[in-house]
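Work through the following exercises with the sequence and the coordinates open beside you. Each task is followed by a solution that proceeds step by step.

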Amino acid sequence: MGHEVAGKVVEKGSRVGKVEIGDFVSAETHIPCGYCYQCETGKRHICKDMKILGVHTDGVFADYAVIEEVDIWPNDPSIPAEYASIQEPLGNAIDTIRPGNVAGKNVLITGAGPVGVLAVGVARVFGATKIIVSEPNRYRRELALEMGADEVINPLENNLIESVQELTTGVGVDFAAEMSGNDKALKGALKSVTAGGSIALLGLPDEEVSLDLTSDLIFKGINMIGITGREMFRTWHIAARLIKEERIDLKPVITHKFPLEDYKKGMDLMTSGNCGKIVLIP
Ligand SMILES: [Zn+2]
Ligand SMILES: [Zn+2]
């Protein structure tokens with residue numbers, strides 16, 4: 001398993017030109033076919049015949065991993081390895097926040113798992129004015145605050161829609177990023193977006209979700225956008241730049257570090273929800 005990684009090149013195929021032995025690299029996780037309509041029209045990240053590193057191939061929770069040349073991302077040597085290893089999820093956050101054009105706007109983020117927490121940092125650096133985060137887990141609400149959230153809501157104790165209305169003087173948010181996959185969060189986020197605003201969905205609901213499209217989307221002129229993965233490699237350039245120039249502080253996101261052999265401890269902690277990103281060190 002595993003697909004978020006940073007490491008050193010110790011061997012390479014004879015025709016690989018992108019890196020040299022000894023280079024410090026990370027990996028994109030979409031393995032595009034290179035030939036389909038999407039690949040040929042600049043949308044390799046939604047390739048029709050895509051494979052995923054660590055899902056369709058052996059993963060990176062290992063001392064050594066094989067990465068396809070198309071997925072190699074050479075890192076600036078000055079970036080700490082643990083930050084380099086989470087550029088891939090940071091890319092998820094960047095691609096979710098980017099369509100919101102959030103500069104000067106009020107933003108709602110539902111779900112403060114690691115990518116939601118990264119999205120808080122991204123919205124902050126992209127110039128959002130007020131960032132409201134809805135998250136039931138107290139530990140993760142704290143992380144959201146550390147990453148720059150202005151307001152956190154526990155949706156189990158407070159009504160999300162009413163809280164957002166109060167915090168935005170009855171206007172609602174310009175943009176919502178749904179990062180949880182929870183159907184109540186999705187419905188609440190959509191109702192919290194002001195008419196003419198937009199919502200991006202990254203969280204994956206397990207089942208079909210029924211929405212009041214007439215009232216909540218069509219009559220409000222809302223733009224709804226599905227986000228999967230991250231654009232290759234536009235998003236990586238943004239992530240690497242933000243880290244190298246220290247525009248985003250990733251320290252609060254990485255809450256735990258374990259040696260690789262303690263992966264089970266990491267998995268249990270992840271299941272508990274009381275963590276951000278957990279870095280495994282071989
Ligand atoms: Zn393709
Ligand atoms: Zn990932």
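**Exercise 1. Determine which residues of helix 6 are exposed and which are buried, and where the two sets lie around the axis.**

Solution. In this predicted model, Glu162 and Glu166 of helix 6 are exposed. The next step is to list the buried residues of the helix, which spans residues 160–167, and these are Leu160, Ser163 and Val164. Because the buried residues cover an arc of only 100 degrees around the axis, they lie on the same side of helix 6, while Glu162 and Glu166 are on the other side. Finally, what covers the buried residues includes strand 6, strand 7, strand 8 (151–153), strand 9 and helix 7 (183–192).

**Exercise 2. Give the strand order of the open sheet of 6 strands, identify its edges, and describe how helix 4 packs on it.**

Solution. The strand order is 8-7-6-9-10-11, and the pairing is parallel. The edge positions belong to strand 8 and strand 11 (223–226), each of which has a single partner strand, so one side of each is left without a neighbour in the sheet. Neighbouring strands are turned against each other by 15 degrees on average, with direction ignored. Turning to one pair, strand 6 and strand 7 run parallel and are joined by 5 bridges, and Thr110 has Ser134 in strand 7 as its bridge partner. Helix 4 packs on this sheet by touching strand 6 and strand 7, and its direction makes about 170 degrees with that of strand 7.

**Exercise 3. Which elements contribute to the largest nonpolar core, and which of them gives the largest share?**

Solution. As background, nonpolar side chains in soluble globular proteins tend to be buried together. The largest core here has 42 residues, and those with the most contacts inside it are Leu90, Ile97, Ile109, Val120, Val133, Ile248 and Leu250. Two or more residues come from each of several elements, among them helix 2 (81–84), helix 3 (87–97), strand 6 (106–110), strand 7 (130–134) and helix 9 (234–244). The largest share, 7 residues, is given by helix 4. To examine one of the residues with the most contacts, take Val120, which touches Ile109, Ile131, Val133, Ala144, Met147, Gly148 and Ala149 when residues up to four places away in sequence are not counted. A second core, separate from this one, has 15 residues and includes Ile132, Val164, Leu186 and Ile199.

**Exercise 4. Describe the open sheet of 3 strands, including its order, its edges and one pair of opposed residues.**

Solution. The order is 1-2-5, with antiparallel pairing. Strand 1 (6–8) and strand 5 (72–74) are the edge strands, each pairing on one side only. Neighbouring strands of the sheet are turned by 40 degrees against each other on average, direction again being ignored. Strand 1 pairs with strand 2 (residues 24–27) in the antiparallel sense over 3 bridges, and Ala6 stands opposite Ser26 in strand 2.

**Exercise 5. Which protein donors hold the zinc ion (ligand 2), and how are they spaced in sequence?**

Solution. The protein donors are His3 through NE2 and Glu4 and Glu88 through OE, lying 2.1 to 2.2 Å from the ion. Their spacing in sequence is H-E-x83-E. For the accessibility of two of these donors, the relevant range runs from 20% to 50%: His3 counts as partly exposed because its relative accessibility is 26%, and Glu4 counts as partly exposed because its value is 24%.

Methods: Residues are numbered from 1 along each chain as its sequence is written. Chains are lettered from A and ligands numbered from 1 in the order in which they are written. This is a predicted model: local features need pLDDT of at least 70, side-chain atom pairs count only at pLDDT 80 or more; totals for chains, interfaces and linings use all residues. Side-chain values use heavy atoms; hydrogens and water are left out. Donors are N, O and S atoms within 2.8 Å of the metal (3.2 Å for Na, K and Ca); water is not among the atoms, so sites may look incomplete. Buried means under 20% relative accessible area, exposed over 50%, partly exposed in between (1.4 Å probe, protein chains only). A nonpolar core is a set of buried Ala, Val, Leu, Ile, Met, Phe, Trp, Tyr and Cys residues joined through side-chain atoms within 4.5 Å. Helices (H or I, at least four residues) and strands (E, at least two) are DSSP runs, numbered from the N terminus. Contact means heavy atoms within 4.5 Å. Two strands pair if DSSP finds at least two bridges between them. Axes are lines fitted to C-alpha atoms, for helices over the stretch in contact, and angles run from 0 to 180 degrees between N-to-C directions. The arc is that of the directions from the helix axis to the C-beta atoms.
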